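Here are my notebook entries from a first look around this model. I kept them short, so follow along with the structure open.

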Amino acid sequence: MKHNKHTIQNLIIKFLLLFLFTIPSVLQAVTDKSSVITSPTNGSQFTSTSATFRWKNTGASRYYLYIGTSKGGNNLYSQSQGTNTSKTVTNLPSNGSKVYVRLYTYVNGWKYNDYVYTSYNGSSTIAKSVITSPTNGSQFTSTSATFRWKNTGASRYYLYIGTSKGGNNLY
């Protein structure tokens, strides 16, 4: 089979163009070694005001951990982890708010992955109090009443008295 000079040159040019545009994306996929947090599971709720974060070892020369109350924030924690692949962080919120975590990985430049968790809700461990007197559904015998409730260890109790469920128009 006889090829003319232009056909071979065209094939070589097409091959080079394909090579030049394909290789960078293949190399990026091979060198994109951003680490992934394996524990706790993304989207989960913390069970206390401390959490141990664990991530996959990607052979990175450094990891950096940001924890904040907004995406990319670091107002709760910001520190290099060196080559460690876990960190226990304390003094996290205890109000059921969102906690944003960003794990940076350094391999030929910084890359990161974001995670969102729900903070521990300290108030959820306190049982709801129950009014013990007067008995629910009873009729008052005067215009005043003494209310008593079970102590559940809460730091505060609020008493609302109203003419509708949840109302507080009387007290």
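**Entry 1: aromatic rings.** I began with the aromatic pairs, and the structure holds ten of them. The pair I looked up in detail is Y106 with W110: their ring centres are 5.0 Å apart and their planes stand at 65°, so this pair is edge-to-face. The cut-off behind that label is a plane angle over 60 degrees. This is a predicted model, so I treat such values as computed from it.

Are these two rings buried or exposed? I found Y106 partly exposed, at a relative accessible area of 26%. W110 is partly exposed as well, with 41%.

I then followed the ring pairs outward. They link Y64, Y66, Y104, Y106, W110 and Y112 into a cluster.

**Entry 2: the four-stranded sheet.** Next I asked myself in which order the strands of the open sheet lie. The order I noted is β4-β3-β6-β7, with antiparallel pairing. β4 (77–82) and β7 (110–118) stand at the edges; each has a single partner strand, so one side of each has no neighbour in the sheet. From one strand to the next, the twist averages 15°.

Inside this sheet I picked out β3 (residues 62–68) and β6 (residues 98–106), which are joined by seven bridges in the antiparallel sense. For one residue I wrote down the exact match: Y66 has R102 as its bridge partner in β6. I had already met Y66 in the ring cluster.

**Entry 3: around strand β2.** I moved on to β2 (residues 51–55) and checked its two faces. A51, F53 and W55 make up the covered face, while T52 and R54 lie on the uncovered one.

Which strands does β2 pair with? One is β1 (residues 37–39), antiparallel to β2 over two bridges. There, S39 has R54 of β2 as its bridge partner. Another is β5 (residues 86–89), which runs antiparallel to β2 and is joined to it by four bridges. In that pairing I traced T52 to its bridge partner T88 in β5.

**Entry 4: a nonpolar patch.** Last, I turned to the surface. I found a nonpolar patch of about 270 Å², made by I131, W149 and Y157. I looked up where I131 sits, and its place is in strand β8 (residues 131–133). I131 is partly exposed, with a relative accessible area of 41%.

Technical notes
Residues numbered from 1 in each chain as written. Predicted model: local features only at pLDDT ≥ 70, side-chain atom pairs only at ≥ 80, totals over all residues. Heavy atoms only, no water. Pairing = 2+ DSSP bridges. Axes fitted to C-alpha atoms, helices over the stretch in contact; angles between N-to-C directions. Patch = residues over 30% accessible without salt bridge, like charges linked within 9 Å, V, L, I, M, F, W, Y side chains within 5 Å. Areas by Shrake-Rupley, 256 points an atom, 1.4 Å probe, with all protein chains shown as cover. Salt bridge = Lys/Arg side-chain N within 4 Å of Asp/Glu carboxyl O. Buried < 20%, exposed > 50% of the residue type's maximum accessible area, 1.4 Å probe, protein only. Phe/Tyr/Trp six-rings, centres within 6.5 Å; stacked < 30°, edge-to-face > 60°.
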